[in-house]
Structure formats: structure tokens, C-alpha cells
Amino acid sequence: MQAVILAAGEGKRLRPHTEHLPKPMILVQGRPILEYVIAALPEAVDEAIVVVGYKGETIKDYFGNTIWNKRITYVEDVAPKGTGYALQAARPFLEDDFFLLLNGDDLYHPEDLQAVSLRRPTVFVTESPHPERFGVCLIDEEGKLARIIEKPSQPPSNLVNTGGYILNHEIFDVPIPILPNGEWNLAEQVGDLARRRPVYVHEARFWNPINRIEELEEARSRNLQDIYPFMMR
């Protein structure tokens, strides 16, 4: 199975850390954020398709073609036009029906990612004290995804999208919503997919987004030994 990892962002809100590094290469307790993402991939995933853009050569130089027993394939020079655009860039490299999709600059729990073995469209969600900063997930009476609203000013729920998904090629049959800022938005595209077929919801036991300085400091102060013991040996 393959995983698509989105690692093309510049990370302007994390300057000065990103003046010379792409956001996924910022160090957290001695390792790049992206290394935690790749190391957390389940055994069923044997290839990571890494979408790079801003200073992507830094990522290629560090990871090469293999790390943590995963083959690395790069989708290079991808313009910063949003998550939906990045997934479209990776589409020619997708050989399997189902695939895992993750942000390359967030920390995920390895046990959550084991859900990929169920091979069904899924969005990873969690409760947030700041839902207005993320995609808010609405759940139907059967506990499945009904809709995702991107960064609403008045969130109807505190359940948010973590940017982690299990998807198949059906997602490419759904038009990509374009936000007012011009970004191609994958989250709302997945929400529209849920109107066509069931999209399951997996409540994540752990997620640390790293979009702001305070989130970076939170990640650096965590006891990551409990989450990634295999990386701390």
C-alpha cells in the first residue's frame, strides 16, 4: 500500500524557522517532523509518495530513496495551491486502490494509522479548543462524515479534521472546491465525497498540528517516548 505525504508547504507562520528549511524539516526533539510521519506509517504501507515544493531538495537530501523500511518517491516542484492540488500532483504515482494521506508537518499516532488496514474511506478527527482554525467535521446520525466546513468563523462543532485520510480513487471523481484565496481544498472535497458514499470517521488518540510557534513548542515539550518508542531507542 502507498501513503501520500504532503510536504510542499513553506510555513510562513513558523518563520524564522522556515527561512532556510521547509516546514516538515523543522526539528522536534532531534528529528525532522516529516521523519516522525514516515516512521509512524504502518507495516502495510511500503511506499511513501512525498509531495515537495518549497526547498524540496532539503527533504530529498535527508531522506534519500529509503528510510524506516519505506521506499520514498518524490513529486517535485509542486506549487503551493492547496492540499487538493498537491493530491492531484501525486495522482499519476498512485498504483493501489486505497491509500493513506497525511500532512508532512503534523505528528500522528502510529496506532491510529493502523486503521488503513480496514481499506475504507476514512477521515481522522479530534476535538479542538480552536475549531475555527481547522476544517470542522459534521457527523450524521450513523456516525459517518456528513460534511467538512473549512475554518468557519462560527464553528458548529469542535470536532476537526486532522488532515489524515484513508482514500481511494473515488476522490478524483469529485470536483475540488476552490477557496476564496485560490487554494484547492481537499477537506471540503472529502466532505463532498461523503454525500456520494459513506466516509467513516476515526477519532484520533493523538494529533499535534504544527502550524504556529506555540504548536511547535508544544511538540518539542511532549513526552514523545510514549508515542514513538521505536524512534527513541
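1. Start with the N-terminal end of α5. Asn185 caps this end, with a side-chain oxygen 3.5 Å from the backbone nitrogen of Ala187. The model is a predicted one, and the distances and counts in this note are computed from it.

2. The helix that Asn185 caps is mostly covered, since 6 of the 8 residues in α5 are buried. The buried positions are Leu186, Ala187, Gln189, Val190, Gly191 and Leu193. Ala187 thus appears both as a buried residue of α5 and as the residue whose backbone nitrogen faces the cap. The cover over the buried residues of α5 includes two strands, β11 (145–150) and β12, among other elements such as α3. β7 is also part of that cover.

3. On the largest pocket: the space in it comes to about 1200 Å³. Its lining has 43 residues, and those closest to the centre are Arg13, Lys23, Thr83, Glu183 and Asn211. Two or more lining residues come from each of β1 (2–7), α3 (83–90), β7 (99–103), β12 (159–167), α5 (186–193) and β14. Among these elements, β12 contributes the most, with 4 residues. Note that α3, β7 and β12 also help to cover the buried residues of α5.

4. β14, one of the elements in the pocket lining, spans residues 207–209 and holds Asn208. Is Asn208 buried or exposed? Asn208 counts as buried because its relative accessibility is 0%, and the cut-off for buried is under 20%. The side chain of Asn208 makes a polar contact of 2.8 Å with the side chain of Arg222. Beyond its neighbours within four places in sequence, Asn208 is in contact with Asp106, Leu107, Glu215, Glu218, Ala219 and Arg222.

5. Leu107, a contact of Asn208, leads into the nonpolar interior. The largest nonpolar core has 46 residues, and Leu107 is listed with Leu34, Leu41, Val50, Ile59, Leu100 and Tyr228 as having the most contacts inside it. The element that gives the most to this core is α1, with 6 residues. A second core, separate from this one, has 30 residues and includes Val125, Ile148, Phe172 and Val190. Val190 is also one of the buried residues of α5.

6. Setting aside neighbours within four places in sequence, Leu107 is in contact with Ile33, Tyr36, Phe206, Trp207, Asn208, Ile210, Ala219, Leu224 and Tyr228. Ala219 is therefore a contact of both Leu107 and Asn208 under the 4.5 Å heavy-atom criterion.

7. Strand β6 (residues 70–75) is mostly covered, with 5 of 6 residues buried. β4 runs parallel to β6, and 5 bridges join them; Glu47 has Arg71 as its bridge partner in β6. β5 (residues 66–67) runs antiparallel to β6 and is joined to it by 2 bridges, with Ile67 opposite Lys70. The hairpin of β5 and β6 has 2 residues between the strands, and Trp68 there takes a positive phi near 50°.

8. Asp46 sits in the loop between α1 (33–39) and β4 (47–52). Its relative accessibility is 39%, so Asp46 counts as partly exposed. Not counting residues up to four places away in sequence, Asp46 touches Met1, Asn69, Lys70 and Arg71. Asp46 and Ile72 are 26 residues apart in sequence, while their C-alpha atoms are 8.9 Å apart in space.

How values were computed: Residues are numbered from 1 along each chain as its sequence is written. This is a predicted model: local features need pLDDT of at least 70, side-chain atom pairs count only at pLDDT 80 or more; totals for chains, interfaces and linings use all residues. Side-chain values use heavy atoms; hydrogens and water are left out. Buried means under 20% relative accessible area, exposed over 50%, partly exposed in between (1.4 Å probe, protein chains only). A polar contact is a pair of N or O atoms within 3.5 Å; within protein, one must be able to donate a hydrogen and the other to accept it, and residues adjacent in sequence count only if both atoms are side-chain atoms. Two strands pair if DSSP finds at least two bridges between them. A nonpolar core is a set of buried Ala, Val, Leu, Ile, Met, Phe, Trp, Tyr and Cys residues joined through side-chain atoms within 4.5 Å. On a 1 Å grid over the protein atoms alone, a cavity is a set of points where a 1.4 Å probe fits but cannot get out, and a pocket is an open set with protein on both sides within 12 Å along at least five of seven lines; lining residues have an atom within 4 Å of a point. Grid points are joined across faces, edges and corners, and a volume is the space filled by probe spheres set on the points.
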